[in-house]
Amino acid sequence: MRILVCVKRVPAPGARINLTADAQAIDTAHLGFTTSPHEECAVEAAVQLVEGHGGEATVLTLGPVEAEEQLRYAVSVGMTAAVLLPIDGADWDPQRTAAAITEVVRRLEAADGPFDLILFGNESADAGNFQVGIRVAHALGRPMVNGAKGIAISEGAVHVRREADAGQETYELPLPAAVGVKEGINLPRYPTMKGRLASKRVEVERMEPDAETGGLRMVRLQRPAERASTTVILGRGPDAAPAVVDLLDELGVLA
Amino acid sequence: MTILVVVEHDRGVLADASREALTAGRHLATTTATPLDALTIGAAADAMVAELGRFGVSTVHQAHHDVLADYGPEAWGAVVAAAVEQLSASVVVAAGTDRGNEVMAWAAARLDVPFAANCTVTTPGEEDEKMAVTRVRWGGSLLEEATLTGAVRLLTMAHHAVDAAPAEEPGRATAVSMTVELDDSVSHSIVRGRVERVAGVTLATAPVVVGGGRGVGSADGFAPLEELAGLLGGVVGCSRAVTNNGWRNHTDQVGQTGTRIAPTVYLACGISGAIQHWVGAMAAKNIVAINIDPEANMVSKAGYAVIGDLHAVVPAIATEIRRRRGT
């Protein structure tokens, strides 16, 4: 089977997010980058499906040329091909991103045949627009559900399990289909030595994205007002235990 | 023209997040002198009509179709898109829940219009077809000011961004049935089965959560945290570092990509307090950080802290509780 996974390169912030002076972006001068967490799990899901059913798995991203790092990482854990849609500067809006990915998927499918399954992350860690995957699935005429915490393929369908307020829901989508994956569906593996070599050798295919701007436009970022907090130090080491238990009692959770 | 609020409900009981969306929708409707309508999807919606009236809704459109017997993202999205066209809605508001965001994304895709997820503020623009929104990024640790431009603007409201409030002058809503044509393809993604959640304390609802981070050091290291949680009728949570190390299942993970908790007390043990974790814990009413590092982010953000090694502090707290209970 043929699987496509769409990922996004995102900053890996620690305890605090700082903004650039013009408030147009996160100041990444001292930050590393990573694959958005849900998508890291989508990559692992694709690798497991290909291990079980055979076939090939392509990873795709729309982002700065530096996002090649995330594509190569995905290959190091088992993806077999990589496609970069390079853009300059700021993120594209979700409509434009989806239109560009859709157009490239059509080109890839015209060249090498349809993808049985296209995986996305449930939402990106940074922008959190919750819509790119669904827009792509709709444009390609494929069914999709988001939030997958379990995925299996049998008899021409993808079986999806996800969490809802009232419990678990299960879905059965005929292939070809798309699924949005949530972290927790699996524990992503680390690269092997063989994988690292493959990631160095793989030729990242570059395809120029082209799509019109959509209707959601970022004006600026801002940091929310922080709760003014002064921390009451209850004590040091195990001697603090009585003070902690006094507090628990006061807050009504001891009874 | 109308402002349409898509309502989520559980067998006729309006969801809290939908009450907030109705409040935000009414604010937009009032400031632009536009009628406020609501859309309910599927059966058992009659019970909500009176309450929707109290929230300022003039007309409740009740969509019925055989396909809508259970939830399906594509089917629900198709209904919203059809309602927008039938009612000439200019703005559609829904709750920023998993479902709300999923349905609105499908509707936006079908209509080829913009959609802003998880807004905290919405302001009608001075120009037609353009409005200003502020929306949540990074799970709430950043905000984005944005413009939403289009003949139809779709948005969801981040949960807890506005306080739900009925209209000052409650009205009476009229319910009307809405017929929608749905193509067969939308039935491909309907719920096929459910497993109801077993009753009991969950991470999301527990009054006390005892969380462990990298500082716990191993899967076995969680035993004292389990014991303390047990004594307090709470549950154990963990940070993403713990899950990634395979020490605990992802279902215990508190954070942006895990569970959002809101306990009375969160005991954060050996957790540094990275953004990823903090956004899942920040709704806790009281936080007690137990950390060897007085400079840890979790210590400076918590209301209370114990500086020390959790491996010594946590058992001491359990011992003190047992001593006071005489057990």
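**Notes on the pairing of chains A and B**

1. A good place to start is where the two chains share a sheet: strand β13 (residues 232–236) of chain A and strand β17 (residues 304–307) of chain B run parallel and are joined by four bridges. Within this pairing, Gly235(A) has Val306(B) of β17(B) as its bridge partner. Please keep in mind while reading that this is a predicted model.

2. A second pairing across the chains involves β9(A), which meets strand β12 (residues 193–196) of chain B in the antiparallel sense, over four bridges. Here Glu169(A) stands opposite Arg194(B) of β12(B). Which strand of chain A gives the largest share of the side that touches chain B? That is β9 (residues 167–174), with eight residues.

3. β9(A) also has a partner in its own chain. Strand β8 (residues 157–164) of chain A runs antiparallel to β9(A), and eight bridges join the two. The link between β8(A) and β9(A) is a hairpin through two residues, and Ala164(A) has Gly167(A) in β9(A) as its bridge partner. So that you can follow the side chains along such a strand by eye, remember that in a regular strand they alternate between the two faces of the sheet.

4. Now for the contact as a whole. The size of an interface is often given as the accessible area lost when the parts come together. For chain A and chain B the buried area is about 6,900 Å², and carbon and sulfur atoms give 56% of this. Chain A brings 81 residues to the contact and chain B brings 86 residues.

5. What holds charged and polar groups opposite one another here? The rule finds nine salt bridges across the interface of chain A and chain B. One of the salt bridges pairs Glu172(A) with Arg192(B), whose closest N and O atoms are 3.8 Å apart. Between the two chains, 38 residue pairs are in polar contact, both residues being at pLDDT 80 or more. By class, the side of chain A that touches chain B consists of 43 nonpolar, 19 polar and 19 charged residues.

6. Helix α4 (residues 132–140) of chain A deserves a look. Its buried residues are Gly133(A), Ile134(A), Arg135(A), Val136(A), Ala137(A) and Leu140(A). An α-helix has 3.6 residues a turn, so residues three or four places apart point the same way. The cover over the buried residues of α4(A) comes from both chains: it includes α3 (94–112), β6 (117–121), β7 (144–154) and β10 of chain A, along with α4 and β7 of chain B. After α4(A) comes Gly141(A), with a positive phi near 70°.

7. Some backbone details are worth checking in your viewer. Most residues other than glycine have a negative phi, and most peptide bonds are trans. In chain A, the peptide bond from Leu175(A) to Pro176(A) is cis, with omega near 0°. Pro176(A) sits in the loop between β9 and β10 (177–181) of chain A.

8. Chain B has two residues to set side by side. Asp112(B) is not a glycine, yet its phi is positive, near 55°; Asn118(B), also not a glycine, has a positive phi of about 60°. Asp112(B) is found in the loop between α4 (98–111) and β7 (115–124) of chain B, whereas Asn118(B) is in strand β7 of chain B. Are they buried or exposed? Asp112(B) counts as exposed because its relative accessibility is 58%, while Asn118(B) is buried because its relative accessible area is 10%.

9. Gly233(B) is in the loop between α5 (223–231) and β14 (235–238) of chain B. Gly233(B) counts as partly exposed because its relative accessibility is 41%. Leaving aside residues up to four places away in sequence, Gly233(B) touches Val201(B) and Pro207(B). From Gly233(B) to Glu129(B) the separation is 104 residues in sequence and 52 Å in space, C-alpha to C-alpha.

10. Finally, an overall view of chain A. It has six helices and 13 strands, and its C-alpha trace spans about 70 × 45 × 40 Å along the principal axes. Of the 255 residues in chain A, 53% are buried. Among contacts in chain A between residues at least 6 apart in sequence, 71% join residues at least 24 apart.

Note on methods. Residues numbered from 1 in each chain as written. Chains lettered and ligands numbered in written order. Heavy atoms only, no water. Contact = heavy atoms within 4.5 Å. Buried area = accessible area lost by both parts, 1.4 Å probe. Salt bridge = Lys/Arg side-chain N within 4 Å of Asp/Glu carboxyl O. Polar contact = N/O pair within 3.5 Å; in protein donor to acceptor, adjacent residues only side chain to side chain. Nonpolar A, V, L, I, M, F, W, Y, C, P; charged D, E, K, R; others polar. Pairing = 2+ DSSP bridges. Buried < 20%, exposed > 50% of the residue type's maximum accessible area, 1.4 Å probe, protein only.
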